[in-house]
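Please look at the sequence and the structure below with charged side chains in mind. The report that follows takes up charges at the surface and charges that pair with one another.

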Amino acid sequence: MYLILYNPISRNGANTGVVEKLIKKMKKKNESVKVQSLLEIDDHKAFLASLDPNVKIIIVGGDGTLNRIANQVAEVDKLPEVYLYKAGTGNDFRRSIKKRGKLIRIDQYLTNLPYVTFGDKKRYFLNGVGLGFDGLVCHLVEESRGKKTKTNFYQSVFQALKIYEKVDFELEIDGINHEFKDVWFASIMNSKYFGGGMRVAPKADRESDELQVVIVHGIKKATIALIFPIIYLGWHTKIKGVTILPGKRINVKSVHPTFMQVDGDVVANLSNIQIIK
């Protein structure tokens, strides 16, 4: 028995159509299928506990859907079999998993997750956390209310270039202090990718016990505009002003409040975060 979970009001409006196609495929294989909206589930832990132990779950969605589910189930002792059927546009989580096929098993990746704390709040993440320019870009994408496409993303990048003000950061990584001037962004990555396939942390591996901290600093605005396209290839790591450090416990302080993105979801006006893997 398979239970398909999805968000019927996804931003791109595509999930419903994807679910219909998936149901047809499963029925052709003589599989028993039920469908439920994620919006109907208030308590994911209680919902999972109520399921028949033989039920297998299929999540239809992208990074945003997975992040929300991961934050609900990260502390569940034992998950059922959970599979991902790709929808959405970014799909950086799916891109980082070394498995082929449209339906991949992911329950092993939804536990023991790294997390970020800010104030009295705690958020688990699958791909990465970014503070600074990339947080502003995600904020502008959300404000645009358009579809999350690469065109919309690049429009937001160039809009952010006009208004972003670089800030000095202090980072403590596994007890060692680092200072960076004129920082564009600091991304703490559990996976190689952000922004729909940008290979921002080429050495990151979600199965490693370390995160990769990527700091872009002291670079002119014109150079930043050139860096974004080559991030898809991971070539930005050769540029002076791109520093990458591994770590398990990371504290980040910015001189002025800025935007943070957590797997693409935005939190505004932050100047101090702590991250643990």
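Where is the place of Lys102? In this predicted model, Lys102 sits in the loop between α4 (92-96) and β5 (103-105). Lys102 has a relative accessible area of 56%, which means that this residue is exposed, since exposed stands for values over 50%.

Lys102 also belongs to a positive surface patch, whose other members are Lys21, Lys24, Lys25, Lys28, Lys29 and Lys86. Among the elements that contribute to this patch, helix α1, which covers residues 15-28, gives the most, namely four residues.

Next come the charges that are paired. The structure holds nine salt bridges, and three of these pairs are set out here with the separation of their N and O atoms.

| Salt bridge | N to O distance |
|---|---|
| Glu81 and Lys56 | 3.9 Å |
| Arg68 and Asp265 | 3.4 Å |
| Asp107 and Arg105 | 2.7 Å |

In the salt bridge between Glu81 and Lys56, Glu81 is found in the loop between α3 (63-73) and β4 (82-86), while Lys56 belongs to strand β3 (residues 56-61), so this pair ties together parts that lie 25 residues apart in sequence. Glu81 counts as partly exposed because its relative accessibility is 24%, and Lys56 likewise counts as partly exposed, at 27% relative accessibility.

The salt bridge between Arg68 and Asp265, whose closest N and O atoms are 3.4 Å apart, links distant parts of the chain, for Arg68 lies in helix α3 and Asp265 in strand β16 (residues 265-276), 197 residues apart. Are the two partners buried or exposed, or partly exposed? Arg68, at 48% relative accessibility, counts as partly exposed, whereas Asp265, at 12% relative accessibility, counts as buried. The value for Asp265 is under 20%, and therefore this residue falls in the buried class.

In the third pair of the table, the side chains of Asp107 and Arg105 meet at 2.7 Å, N to O. Asp107 counts as buried, with a relative accessibility of 11%, and Arg105 counts as partly exposed, with a relative accessibility of 33%.

Which residues are linked in a network of salt bridges? The network is made up of Lys56, Glu81, Arg105 and Asp107. Within this network, Asp107 is a buried member, while Lys56 is a partly exposed one.

Key
Residues numbered from 1 in each chain as written. Predicted model: local features only at pLDDT ≥ 70, side-chain atom pairs only at ≥ 80, totals over all residues. Heavy atoms only, no water. Patch = residues over 30% accessible without salt bridge, like charges linked within 9 Å, V, L, I, M, F, W, Y side chains within 5 Å. Areas by Shrake-Rupley, 256 points an atom, 1.4 Å probe, with all protein chains shown as cover. Salt bridge = Lys/Arg side-chain N within 4 Å of Asp/Glu carboxyl O. Lys, Arg positive; Asp, Glu negative; His and termini not counted. Charge placed at Lys NZ, Arg CZ, Asp CG, Glu CD. Helix = DSSP H or I, 4+ residues; strand = E, 2+ residues; numbered from the N terminus. Buried < 20%, exposed > 50% of the residue type's maximum accessible area, 1.4 Å probe, protein only.
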